[in-house]
Amino acid sequence: MAFAAGIWGTIIRPPAYEVRGTIVARPAPDMLLVRHDPVSALGMNAMDLMAVSAAPALLDPVGPKPGDRVKLAVRQRDDQLILIRIEKLPESACVESPRT
């Protein structure tokens, strides 16, 4: 029975998506603007500007600032993307696509 409950919890929970990109701005304590790599699961092409809602308690310890490369875990809730996790990446970890 515990196994079935564990599977059920996984099914009803909204999925999380990995997003890699560059911080553009933090216009409010609870929001990030990110220029990101493609996120096919969300139907987003590379370099679209993504607004991510976030608890300041998740952002403040990391101290994201414009230009930082990051890996985010986000969940979609209604029309918002909600931050679950943020990690700064070393500059050598990602190479941005050229702008066209």
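**Reading a hairpin and its strands**

Mentor: Aspartate 78 sits in the loop that links S4 and S5. We can start there, keeping in mind that the model is predicted.

Trainee: What is the sign of phi at aspartate 78, positive or negative?

Mentor: The general idea comes first. Most residues other than glycine have a negative phi. Here, aspartate 78 has a positive phi, near 55°, although the residue is not a glycine. The hairpin of S4 and S5 leaves 2 residues between its strands, and aspartate 78 takes that positive phi within this hairpin.

Trainee: Is aspartate 78 buried or exposed?

Mentor: A residue is called exposed when its relative accessible area is over 50%. Aspartate 78 reaches 71% relative accessibility, so it counts as exposed. Turn next to arginine 77, which belongs to strand S4, residues 69–77. Arginine 77 has 51% relative accessibility and therefore also counts as exposed. In space, the C-alpha of arginine 77 lies 8.2 Å from that of proline 14, although 63 residues separate the two in sequence.

Trainee: How many bridges join S4 to S5, and in which sense do the strands run?

Mentor: S4 and S5 (residues 80–88) run antiparallel and are joined by 8 bridges. For one pair to look up, take valine 74, whose bridge partner in S5 is leucine 83.

Trainee: Over how many bridges do S1 and S4 pair?

Mentor: S1 pairs with S4 over 7 bridges, in the antiparallel sense. Here you can look for valine 19, which stands opposite leucine 72 of S4.

Trainee: How should I read the side chains along a strand?

Mentor: In a regular strand the side chains alternate between the two faces of the sheet. For a case with a side-chain contact, go to threonine 22, in strand S1, residues 16–28. The side chain of threonine 22 makes a polar contact of 3.0 Å with the side chain of arginine 69.

Trainee: Is threonine 22 buried or exposed?

Mentor: Buried means under 20% relative accessible area. Threonine 22 has 6% relative accessibility, so it counts as buried. Glycine 21 is also placed in strand S1. With a relative accessible area of 1%, glycine 21 is buried.

Trainee: Which residues does glycine 21 touch, leaving out those up to four places away in sequence?

Mentor: Glycine 21 touches Val34, Arg35, His36, Asp37, Asp68, Arg69 and Val70. From that list, take aspartate 37: its C-alpha is 5.6 Å from that of glycine 21, and the two are 16 residues apart in sequence.

Trainee: What is the pattern of elements along the whole chain?

Mentor: Read along the sequence, the pattern is α-β-β-β-α-β-β, made of 2 helices and 5 strands. Of the 100 residues, 30% count as buried. Among contacts between residues at least 6 apart in sequence, 50% join residues at least 24 apart.

Trainee: Where does pLDDT stay under 50?

Mentor: pLDDT is the predictor's confidence in each residue, from 0 to 100. The chain averages 83, and 78% of the residues score at least 70. pLDDT stays under 50 over residues 1–9, where the model has 0 contacts beyond four places in sequence. It also stays under 50 over residues 94–100, where the model has 8 such contacts. Among the elements, helix H1 (residues 2–12) has the lowest mean pLDDT, 50, while helix H2 (residues 56–59) has the highest, 96.

How values were computed. Residues numbered from 1 in each chain as written. Predicted model: local features only at pLDDT ≥ 70, side-chain atom pairs only at ≥ 80, totals over all residues. Heavy atoms only, no water. Helix = DSSP H or I, 4+ residues; strand = E, 2+ residues; numbered from the N terminus. Contact = heavy atoms within 4.5 Å. Buried < 20%, exposed > 50% of the residue type's maximum accessible area, 1.4 Å probe, protein only. Polar contact = N/O pair within 3.5 Å; in protein donor to acceptor, adjacent residues only side chain to side chain. Pairing = 2+ DSSP bridges.
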